[in-house]
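Subject: Structure handover

Hello,

The structure we spoke about is below, and my notes on it follow. Please read them with the model open beside you.

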Amino acid sequence: MLSVYEGFFSGGARIVHSDVVLGLAEGGQSHQVLSIHGEVRREATRQRMEDDACYRSLTAGGVGVTSLGRSAGLVDGSVAASVFSGPELAETARSMAAADVILSLKEQPLALLNQAGLPRRPVVVGLHRSDPENQGPALDELKAAIADGTVVACVCCAESTRAAYEAAGIPGEVLHVIPNGVDLIRFRPDAAARLAFRASVGIPASAPVIVFAARYAAMKNVPLFLRAARAFLAREPEGQVLMCGAGMNDTNPALWADIEVAFGADRHLAERIRLLGVRRDMETVYAGSDVVALTSASGEAAPLCLIEGMMCGAVPVTTDVGDSAQIVGDHGFVTPQDPEAVALAWTAAVAGRAGFAPALAASRERFSRTRMIAAYAALLDDVHLEATRLPTQSEPL
């Protein structure tokens, strides 16, 4: 198998896909990864492939990773270019020739895989959003690849993804839903890790803590989150707010501007916001928190932060976007996009955290990484079998 990435940069889709690749490799399949970009600049952060946690996990797990070496500043919904050089196409052809099936992380790499002259291999595309119309030319690339038989299946991480892409003109028969899952050994309630994390960042053991794990992007609706944080911190004198992800750091001037606008005269309350940036230990951050918050306005499908946070014992509070409401169920709260409503739900979640614990514990198998990887393996086996099936006498040779 060969997986093709647009690049290695912070985001839930890359985490899920890389975990799937590792799981399939652990199960005996041979996997390689080709990244179009060697580094990108997104969310006011330079992100080098070699520094990325997914890259390090893949290579540590024995998965070979190579890159075409491109460097670009990418924005949501765009591909950097659809014109590739001779050496780039030659490298891609060599990588594809050794594979039986190609996995494309989202539809953006199809700008490369649709190039003429490359080896013909069945392609399976992982779809991780619910707004195909906001993916720029990538949707047209996907339609073209399905029409010519290159793309034989698409894996949707959520029912909302399947519905959105079918509504956008993708044939329903190629869309398969495999919900996201996480490593339940890594993501679990951990009282010792909770205390250790809080001590490491100077947060009292009894303080109510909200964590927002997201990259700095318009779809995440950071201004709404910050307005809710202002209301929450004004009401909760011991409350603390953590912001994690690419662009959630002191060096992002746009984030500081958002904080200034959201807090205004109450700027002193923002002193209880911790900007933690990209973390390699999100399981400890979630374990140390009481609530995992999501305020997205669009684009989400099956947000990984909600699943990871829930599995660590944090109560999820989310806006109704993608499959978020179905993921949360009776384990937390779904709110309108209103800062006061969001803040009140955070307070209720903190107060009711112990009461939610049994439901969260009972839901763990539903969000299992093992379940997710087994479903991917079954689909890929079917794709490979169909690709190698000999024609019958009634079929043309």
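In this predicted model, helix 8 (residues 222-235) and helix 9 (residues 253-263) have axes that come within 9 Å and cross at roughly 45 degrees. An angle of 65 to 115 degrees would count as roughly perpendicular and one under 35 degrees as roughly parallel, and helix 8 and helix 9 are therefore oblique to each other. Their crossing is right-handed. On the side of helix 8, the contact is made by Val-222, Pro-223, Leu-226, Arg-227, Ala-229, Arg-230 and Leu-233. Helix 9 contributes Leu-255, Asp-258, Ile-259, Ala-262 and Phe-263. By type, these contact residues divide into 9 nonpolar and 3 charged, with no polar ones.

A second helix pair is found at helix 1 (residues 12-26) and helix 2 (residues 53-60), whose axes come within 10 Å and cross at roughly 0 degrees. Helix 1 and helix 2 are therefore roughly parallel to each other. Here Arg-14, Ile-15, Ser-18, Val-21 and Leu-22 of helix 1 meet Cys-54, Ser-57 and Leu-58 of helix 2. The residues of this contact divide into 5 nonpolar, 2 polar and 1 charged.

Now the chain as a whole. Its secondary structure comes to 15 helices and 14 strands. The C-alpha trace spans about 75 × 40 × 40 Å along its principal axes. A compact globule of 397 residues would have a radius of gyration near 21 Å, and the value for this chain, 22 Å, agrees with that. Buried residues make up 55% of the 397 residues. Of the contacts with a separation of 6 or more, 73% are between residues 24 or more positions apart.

I also looked at three single residues.

His-128 sits in the loop between strand 6 (123-127) and helix 5 (138-147). Is His-128 buried or exposed? With a relative accessible area of 10%, which is under the 20% cut-off, His-128 is buried. Leaving aside neighbours within four places in sequence, His-128 is in contact with Ala-13, Val-16, Leu-105, Lys-106, Cys-157, Asn-180 and Ala-301. One of these, Ala-13, falls within the residue range of helix 1.

Ala-138 lies in helix 5. Ala-138 is buried as well, with a relative accessible area of 3%. Which residues does Ala-138 touch, not counting those up to four places away in sequence? They are Glu-107 and Gln-108. For a sense of distance, Ala-138 and Ile-178 are 40 residues apart in sequence and 21 Å apart in space, taken from C-alpha to C-alpha.

Gly-62 is in the loop between helix 2 and strand 4 (64-72). Gly-62 is exposed, and its relative accessible area is 62%. The C-alpha atoms of Gly-62 and His-31 are separated by 8.8 Å, with the two positions 31 residues apart along the chain counted as their separation.

To go back over the helix pairs: helix 8 and helix 9 are oblique, whereas helix 1 and helix 2 are roughly parallel. As for the single residues, His-128 and Ala-138 are buried, while Gly-62 is exposed.

Regards

Key: Residues numbered from 1 in each chain as written. Predicted model: local features only at pLDDT ≥ 70, side-chain atom pairs only at ≥ 80, totals over all residues. Heavy atoms only, no water. Axes fitted to C-alpha atoms, helices over the stretch in contact; angles between N-to-C directions. Helix = DSSP H or I, 4+ residues; strand = E, 2+ residues; numbered from the N terminus. Parallel < 35°, antiparallel > 145°, perpendicular 65-115°, else oblique. Contact = heavy atoms within 4.5 Å. Nonpolar A, V, L, I, M, F, W, Y, C, P; charged D, E, K, R; others polar. Left-handed = near helix turned anticlockwise from the far one by under 90°. Rg over C-alpha atoms; globule rule 2.2 N^0.38 Å. Buried < 20%, exposed > 50% of the residue type's maximum accessible area, 1.4 Å probe, protein only.
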